[in-house]
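Work through the exercises below with the sequence and the 3D structure at hand. Each task is followed by a solution in steps.

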Amino acid sequence: MRADHAGDDVAGDLGEAQVDDFDLVAALLVESDRRKAVFLNEAIRLLSLPAAVICDRIESIAPQRADVLSARALASLDALCGFAALHLAPGGVAIFPKGANAPAERAEAARNWRFASSETPSKTDAGAVILCLKDIQHV
């Protein structure tokens, strides 16, 4: 379904099936770039999604107790573990897409953090993986 507003700056078409086929849960998006936060808020409004945007840096907001936390191209895995430890609820999972340097980032993070992890090969980049971390604890 396309937005009914001519000139709206919403990227691409989102088919009704794409939105309606999922059990949507409340999502909180953290975006420090005000322009991107405005765009995300407008997309949420136009699509009537159960989500909200905080325009701030992730390290500046109160702990969120999230069940799932994800970030793309934000920081090293070591730094991401710090954000995850702060914002995940007990039993929560962190999902981080990582490039070809994922093994080196995992080794670096393991010096400062203890975690259970699994990885899935990326479907969009042969050298990349999706890392899933649980039980993240600072050592």
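**Exercise 1: helix α3 and the core**

The buried residues of α3 are L77, D78, L80, C81, F83, A84 and H87. Buried means under 20% relative accessible area, exposed means over 50%, and partly exposed lies in between (1.4 Å probe, protein chains only). Helices (H or I, at least four residues) and strands (E, at least two) are DSSP runs numbered from the N terminus. The model is predicted: local features need pLDDT of at least 70, side-chain atom pairs count only at pLDDT 80 or more, and totals for chains, interfaces and linings use all residues. Residues are numbered from 1 along each chain as its sequence is written, and side-chain values use heavy atoms, with hydrogens and water left out.

Task: state what covers the buried residues of α3, and find what α3 gives to the largest nonpolar core.

Solution.
Step 1. The cover of these α3 residues includes β3, β4 (88-98), α4 (102-110), β5 (113-121) and β6 (129-138).
Step 2. A nonpolar core is a set of buried Ala, Val, Leu, Ile, Met, Phe, Trp, Tyr and Cys residues joined through side-chain atoms within 4.5 Å. The largest one has 19 residues, and C81, F96, L133 and I136 have the most contacts inside it.
Step 3. At least two residues of this core come from each of α3, β4, α4, β5 and β6. The most, five residues, are given by α3.
Step 4. Leaving out residues up to four places away in sequence, L133 touches L77, C81, G92, V93, A94, F115, A116 and S117; contact means heavy atoms within 4.5 Å.
Step 5. In soluble globular proteins, nonpolar side chains tend to be buried together.

**Exercise 2: the largest pocket**

Task: describe the lining of the largest pocket by residue, by element and by residue type.

Solution.
Step 1. On a 1 Å grid over the protein atoms alone, a pocket is an open set of points where a 1.4 Å probe fits, with protein on both sides within 12 Å along at least five of seven lines; lining residues have an atom within 4 Å of a point. Grid points are joined across faces, edges and corners, and a volume is the space filled by probe spheres set on the points. The largest pocket has a volume of about 1000 Å³.
Step 2. It is lined by 28 residues, of which L28, L29, V30, I58 and S70 are the closest to its centre.
Step 3. Two or more lining residues come from each of β1 (27-30), α2 (34-47), β3 (66-70) and α3 (77-87). The largest share, five residues, is that of β3.
Step 4. By type, the lining has 17 nonpolar, four polar and seven charged residues. Here Ala, Val, Leu, Ile, Met, Phe, Trp, Tyr, Cys and Pro count as nonpolar, Asp, Glu, Lys and Arg as charged, and the others, Gly among them, as polar.

**Exercise 3: salt bridges**

Task: are K98 and E105, which form a salt bridge, buried or exposed?

Solution.
Step 1. A salt bridge is a side-chain nitrogen of Lys or Arg within 4 Å of a carboxyl oxygen of Asp or Glu. The structure holds five.
Step 2. In the bridge of K98 with E105, the closest N and O atoms are 2.9 Å apart. Both residues are buried.
Step 3. For R57 and E59, the closest N and O atoms of the bridge are 2.8 Å apart. R57 counts as partly exposed at 47% relative accessibility, and E59 counts as partly exposed at 41%.
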